[in-house]
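Visitor: I'm new to this one. Could you pick a single part and take me through it closely?

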Amino acid sequence: MDTVLRTPAASELTDLAEVLAGWQVDDGQVQLHPGDLGWYSMRGADATAEALRIWSRDGGPLAMGLLDGEDLLRLALDPEVRDDVALARQVCADVVDPGRGVLSAGSAVVESRGAVALQQALRGEGWVPDEPWTPLCRNLSESS
């Protein structure tokens with residue numbers, strides 16, 4: 001099954017926030033959460049939807065990323081697939097290629113707390129640890 005990257009419509013925000021709420025676990029790592037979407041929505045529903053990236057299989061979201069500026073992607077993954085290597089590789093491929101519409105060329109930060117497989121994939125592409133609250137960063141204008 002292929003993993004599909006897409007930008008949602010504003011009409012999907014309520015459903016996506018509910019999915020995101022279902023991914024929050026008391027003993028899990030802090031990750032993107034519905035309150036972040038609420039805070040970002042001060043910019044409007046269209047801007048919030050435009051800042052989201054959804055990775056899905058069979059129509060069901062597996063990962064969500066919020067572009068909090070041009071150089072910061074804040075991620076959440078369904079706890080059931082946090083260790084899914086195929087998903088991690090696809091998210092990584094989409095993140096490192098500015099042509100995929102996730103991050104622009106230049107220095108960037110990916111918040112991916114608890115997503116060990118994704119962090120390993122990003123490290124394999126040259127990303128390095130950053131501040132403790134932003135585990136990996138890389139300049140995408142450099143060739144790999």
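Guide: Let's look at one helix pair and the core around it. This is a predicted model, where local features need pLDDT of at least 70, side-chain atom pairs count only at pLDDT 80 or more, and totals for chains, interfaces and linings use all residues. Residues are numbered from 1 along each chain as its sequence is written, and side-chain values use heavy atoms, with hydrogens and water left out.

Start with helix α4, residues 85-96, which packs against helix α5, residues 116-124, at an angle of about 45°, their axes 8 Å apart. Helices here are DSSP runs of H or I, at least four residues, numbered from the N terminus. Axes are lines fitted to C-alpha atoms over the stretch in contact, and angles run from 0 to 180 degrees between N-to-C directions. That angle makes α4 oblique to α5; oblique is what remains once under 35 degrees is roughly parallel, over 145 roughly antiparallel and 65 to 115 roughly perpendicular.

Who does the touching? On the α4 side you'll find Ala88, Val91, Cys92, Val95 and Val96, and α5 brings Ala117, Leu118, Ala121 and Leu122 (contact means heavy atoms within 4.5 Å). Sorted by type, these are nine nonpolar, no polar and no charged; Ala, Val, Leu, Ile, Met, Phe, Trp, Tyr, Cys and Pro count as nonpolar, Asp, Glu, Lys and Arg as charged, and the others, Gly among them, as polar.

Now follow Val95: leaving out residues up to four places away in sequence, Val95 touches Leu73, Val102, Leu103, Val110, Leu122, Trp127 and Leu140.

Methods. Helices (H or I, at least four residues) and strands (E, at least two) are DSSP runs, numbered from the N terminus.
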